[in-house]
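Here are my notes after a read through the model you sent over. They are in numbered points, so pick out whichever ones help.

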Amino acid sequence: MSKAAKGAGKKGAAGRNQTVVVSCVNLKGGVGKTAIAVNFAAYCGSKGLRTLLIDLDPQTNSTFSCMSPEKWEKHAKTKGTVADLLGVRQHTSAEGKAKTVESVIIKDVFPSVDLIPSHLDLFTIDLDLSSQVSRETRLRRAIRDVLDDYDIVVCDCPPNLTIPTQNALAASTHYLVPVSLDFLSSIGIALLLGRIKKLSDDLEIPLTNAGIVISRVGRKSYFRSQTAQSLKATFKGMVLSAQISERSAVAESAAKNISVFSTADHAAIDEFTALGDELLDKLGIKI
Ligand SMILES: Nc1ncnc2c1ncn2[C@@H]1O[C@H](COP(=O)(O)OP(=O)(O)OP(=O)(O)O)[C@@H](O)[C@H]1O
Ligand SMILES: [Mg+2]
C-alpha cells in the first residue's frame, strides 16, 4: 500500500485514528448490496489497499461470489465462519471450541482482499442469542485484534436490521445504502437511516453515512426517473454521483468467483471504478 493511503487511513474520514469499516445496508433485498460490497472490496484491493470483506448475510452470497461451495465447506468445518465469531456455532460444533478471527479469515480471495465467510447458521442467530448480553458488539470485539492489518473493511449485510446487521454497524465507521429504482425499493430508506441513528446513539458508536448509491439501473422509464429525482430531493448530498447499471457481467462474474474487474465488460469496470473512487474520497482514503 502507498504511503499516501496509509497516511489517509490513519487520519480517517472522520478524523479518527482507526481503520475505515463500511457496511452495505438496506432493508430491501436484491438492490445490489452484495454486488457493490464484493466489487468495492475488489476495487480497494486492486488499488493496493489491504482489504477485509466480511459476509454477515446467512444467504452467503458474497462468500459464494468469492469462492466455491466446496472450498467454503472445508473451511467452515475446520476453520470456522463469521457465525463462530458471533457465537452461534458453539452450540452446534462438535468440538465446541471457540474459533479465533485469524482462523476464520480466508486470505487473498482477490488480490489484497481477505474474506470472513458467512454461514447459514446466522438465520437463527436472533433466537440463539436472544438472552445474551452485548450481542450487537460481538463482531466489533472479535475483529479488534486484526483491524490494524487492514486499511479498509467492507461488511455485506442481509436485507434487515437483525443481529448480524447490528453487529456490522456496531463494528463500522461508515455505512453505504445501495438502492434500485424499482417500485418500493426506495421506501424504507428514511426508516433505515432513523434506525441506524438510534443504534449508533444507543451503542455510543459514531456512524457516518458514506452515501446512497443508485444500483441496477435498467432501461429508462418515467417512473424510475421520478424515483431518482425524489431520492435526490429527499436525501440531497447523500446520493452519490456514480451509479451502477444492470449488466450481465455483474451476475456472471459472481457466479465465476471473480470480480467485475477481471471481466471484459469495460463499461461495468468503468462504473465500479467511478463508484470506488467516489467512495474512497468520501471515506477520506487517498490512493
Ligand atoms: N448491476 C447489476 N447488474 C446485473 N445484475 C446484478 C447487478 N447487481 C446485482 N445483480 C444481481 O442481482 C441479484 C441481486 O443482487 P445482490 O445480491 O447484489 O443484491 P442484494 O441487495 O445483496 O440482495 P439480498 O438483500 O438478497 O442480499 C444477484 O443475482 C446479482 O448477481
Ligand atoms: Mg446480498
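1. A term first: I call a residue buried if 20 or more other C-beta atoms lie within 10 Å of its own, with C-beta atoms placed from the backbone. Keep in mind that this is a predicted model. By that count, I163, P164, T165, Q166, N167, A168, L169 and A170 in helix 9 are buried. That is 8 of the 8 residues of helix 9, which spans residues 163-170. The cover over these buried residues includes strand 1, strand 5 and strand 6, along with helix 7 (125-128), helix 8 (138-143) and helix 10 (189-203).

2. Stepping back to the whole protein, there are 13 helices and 7 strands. Of the 287 residues, 46% are buried. Take the contacts with a separation of 6 or more: 80% of them come from residues 24 or more positions apart.

3. Now the sheet. It is open, built from 7 strands in the order 3-4-2-5-1-6-7, with mixed pairing. Strand 3 (106-110) and strand 7 (208-215) sit at the edges with a single partner strand each, so one side of each has no neighbour in the sheet. From one strand to the next, the twist averages 25 degrees.

4. Two helices to look at against that sheet. Helix 2 packs on it and touches strand 1 (20-24), strand 2, strand 3, strand 4, strand 5 (152-156), strand 6 (174-180) and strand 7, with its direction at about 165 degrees to that of strand 5. Helix 13 (residues 266-283) also packs on the sheet, where it touches strand 1, strand 6 and strand 7; the angle between its direction and that of strand 7 is about 165 degrees.

5. Strand 4 shows both kinds of pairing. With strand 2 (residues 51-55), strand 4 (residues 113-116) runs parallel, joined by 4 bridges, and I54 stands opposite I116 there. With strand 3, the pairing is antiparallel over 2 bridges, and F110 stands opposite V113. Strand 3 and strand 4 make a hairpin with 2 residues between them, and S112 in that turn has a positive phi of about 65 degrees.

6. Is I105 buried or exposed? It has 20 C-beta neighbours inside 10 Å, so I105 counts as buried. I105 lies in the loop between helix 6 (101-104) and strand 3. Leaving out residues up to four places away in sequence, I105 touches D114 and I116. The C-alpha atoms of I105 and V146 are 9.9 Å apart, although 41 residues separate the two along the chain.

7. On the core: in soluble globular proteins, nonpolar side chains tend to be buried together. Here the largest nonpolar core has 73 residues, and F40, A41, L53, V154, C155 and Y175 have the most contacts inside it. Helix 2 (residues 33-46) gives this core its largest share, 9 residues. As for Y175, its contacts beyond four places in sequence are V22, S23, V25, L169, I196, L207, N209 and A210.

8. Last, the ligand. Which residues come nearest to ligand 1? Of the 18 around ligand 1, they are G29, K33, T34, P159 and A251. Helix 2 and helix 12 (248-255) are the elements that give two or more residues to this shell. The shell's make-up by class is 7 nonpolar, 6 polar and 5 charged residues.

Note on methods:
Residues numbered from 1 in each chain as written. Chains lettered and ligands numbered in written order. Predicted model: local features only at pLDDT ≥ 70, side-chain atom pairs only at ≥ 80, totals over all residues. Core = buried A, V, L, I, M, F, W, Y, C linked by C-beta atoms within 7 Å. Buried ≥ 20, exposed ≤ 12 C-beta atoms within 10 Å, placed from the backbone. Contact = placed C-beta atoms within 7 Å. Near = placed C-beta within 6 Å. Nonpolar A, V, L, I, M, F, W, Y, C, P; charged D, E, K, R; others polar. Pairing = 2+ DSSP bridges. Axes fitted to C-alpha atoms, helices over the stretch in contact; angles between N-to-C directions.
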